[in-house]
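Dear colleague,

I am passing on the structure we spoke of, and you will find it just below. My notes on what was found in it follow, grouped by region so that you can read them with the model open.

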Amino acid sequence: MSRGARSAAVSVLLELAATVLSTASALATDDYTLPFYDPSVTLSYGVDRDVALNRQLDWTGQVWNDGLTHYGRVYDQHTGVDYPMVLRSEVAAAKDGTVVDLEGGFGTTQFGQFGNFVRIQHADGRQTLYYHLASAADGGIAVGVGDAVVAGQRIARSGCSGNCHGAHLHFELLVWSTSAEAFKPADPLAERRWTTWPGRVPFDAAYVRESNAGTEVIRRGATITHWVEFRNTGGRTWRNSGTTSRVGLATWNPAAHASVFRASDWPYSWMATALDATSVLPDGVGRFTFGLKGSPDVGSYTESFNLQSQGVHWFDYRRLGNYYVPIVVSNTTE
Ligand SMILES: [Zn+2]
């Protein structure tokens, strides 16, 4: 796929992301990873969300009704997303789960109805499907029914078995439909259930250091400056602006807790600061600088914080743990 097509793909994803922001739940399960490791793999087709038949949408946004192949977003009644990749490429589980079904009897490029596949049940009630896998002789499927798998674990190698006209992985996200009493395909791109780094959850962090790891002593009515650094151990770039991937340091537990130590430089009473830098890549370290005002009564306090990705996703606080600032408000008035 050409570079132009790739950038067009990115803009399409951003558009999709913008349209679903308002409807996404606060505690979103946006912790699916890409189902492969090779960063050069790109999307060729997505899920057809258009009920009209004989209609395709290419990367430029043009609609076609001529029945020919147009590389782009969707073709009729396509229920998954297609990732072109060379035969026997590694395929990874998109999320922790249990293997509930598989087929491994087809040849790597043997044409047939279903071909080789793996189906995984996830704790959030969804399932993922990985189609067109290589044969067992080619190491096509590395798991068995009943096996527990973790996000990013290699489960198979890609092939072109089943209804396949070129080596690729067909990946599906399935959601249970109570009305149909069956799993129905959903569009993982529309719901932003992705990280950009295979094997990683989108937002995760590890504490690195802070300006004062001991107790902050603040004179009553005075404001001190505190900073803390976290390593970006998730799969998405952190940003300090915008509606997607903006990361801030917020008071936590409960999430809407307004700090009694709010200083004048806080953007919100429950959010101490956004990321200092414009952006921090995965594996980079981001600093968060904020003021603490010693306004409460004299005494010892702890203020708890956690990282938040703006608008949609709270960080997994079980992985990060609460970040505390022990505070002593001294008896001296400024
Ligand atoms: Zn497909």
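A convenient place to begin is Tyr-323, which is buried, with a relative accessible area of 5%. Please keep in mind throughout that this is a predicted model.

**The aromatic residues**

Tyr-323 belongs to one aromatic cluster, whose other members are Tyr-207, Phe-230, Trp-238, Trp-266, Phe-288, Phe-290 and Phe-305. The structure as a whole holds 15 aromatic pairs. One of them joins Phe-230 and Tyr-323 in an edge-to-face arrangement, with 5.6 Å from centre to centre and 85° between the planes. Phe-230 lies in strand S15, whereas Tyr-323 lies in strand S23 (residues 323-333), so this pair ties together parts that are 93 residues apart in sequence. Like Tyr-323, which is buried, Phe-230 counts as buried, at 1% relative accessibility.

A second pair to look at is that of Trp-238 and Phe-288, whose ring centres are 6.1 Å apart and whose planes meet at 55°, so the pair is tilted. Trp-238 is found in strand S16 (residues 238-239) and Phe-288 in strand S20, so here the parts tied together are 50 residues apart in sequence. Trp-238 counts as buried at 0% relative accessibility, and Phe-288 is likewise buried, with a relative accessible area of 0%.

Separately, there is a contact between a charge and a ring, in which the charged end of Arg-287 sits over the ring of Trp-227, 3.5 Å from its centre.

**The sheet of S13, S15 and S20**

Several of the residues above lead to an open sheet of 3 strands, which has the order S13-S15-S20 and antiparallel pairing. Strand S13 (205-210) and strand S20 (285-293) stand at the edges with a single partner strand each, so one side of each is left without a neighbour in the sheet. From one strand to the next, the twist averages 30°. As a general point, the strands of a sheet pair through backbone hydrogen bonds, in either the parallel or the antiparallel sense.

Between S13 and strand S15 (residues 223-232), which run antiparallel, there are 5 bridges, and Ala-206 stands opposite Arg-231 in S15. On strand S20 you will find Leu-292, which counts as buried at 0% relative accessibility. The C-alpha atom of Leu-292 is separated by 5.4 Å from that of Ile-224, although the two residues are 68 apart along the chain.

**Strands S6 to S9**

In another part of the chain, strand S6 (residues 97-103) is joined by 5 bridges to strand S7 (residues 116-121), and the two run antiparallel; the bridge partner of Leu-102 in S7 is Val-118. Strand S6 also pairs with strand S9 (residues 148-149), again in the antiparallel sense, over 2 bridges, and here Thr-98 stands opposite Ala-148 in S9.

Leu-133 has its place in strand S8, and at 0% relative accessibility it counts as buried. Its C-alpha atom is separated by 4.4 Å from that of Ser-158, a residue 25 positions away along the chain. Asp-138, by contrast, lies in the loop between strand S8 (127-133) and S9, and is partly exposed, with a relative accessible area of 28%. The C-alpha atoms of Asp-138 and Gly-159, which are 21 residues apart along the chain, are separated by 9.1 Å.

**The zinc ion**

I have left the metal site to the end. Which protein atoms are the donors of the zinc ion? They are NE2 of His-78, two OD atoms of Asp-82 and ND1 of His-170, lying 1.9 to 2.7 Å from the ion. In sequence, the donor residues are spaced H-x3-D-x87-H. Of these residues, His-78 and Asp-82 are buried.

Why is the arrangement around the zinc ion described as irregular? The 4 donor atoms subtend angles of 53 to 158° around the ion, which makes the arrangement irregular; four donors would count as tetrahedral if all angles lay between 85 and 135 degrees. A caution belongs here, because water is not among the atoms and sites may therefore look incomplete.

With best wishes

Conventions:
Residues numbered from 1 in each chain as written. Predicted model: local features only at pLDDT ≥ 70, side-chain atom pairs only at ≥ 80, totals over all residues. Heavy atoms only, no water. Donors = N, O, S within 2.8 Å, 3.2 Å for Na, K, Ca; no water. Tetrahedral: all angles 85-135°; square planar, octahedral: opposite > 155°, others 65-115°. Buried < 20%, exposed > 50% of the residue type's maximum accessible area, 1.4 Å probe, protein only. Pairing = 2+ DSSP bridges. Helix = DSSP H or I, 4+ residues; strand = E, 2+ residues; numbered from the N terminus. Axes fitted to C-alpha atoms, helices over the stretch in contact; angles between N-to-C directions. Phe/Tyr/Trp six-rings, centres within 6.5 Å; stacked < 30°, edge-to-face > 60°. Lys NZ or Arg CZ within 6 Å of the ring centre and 35° of its normal.
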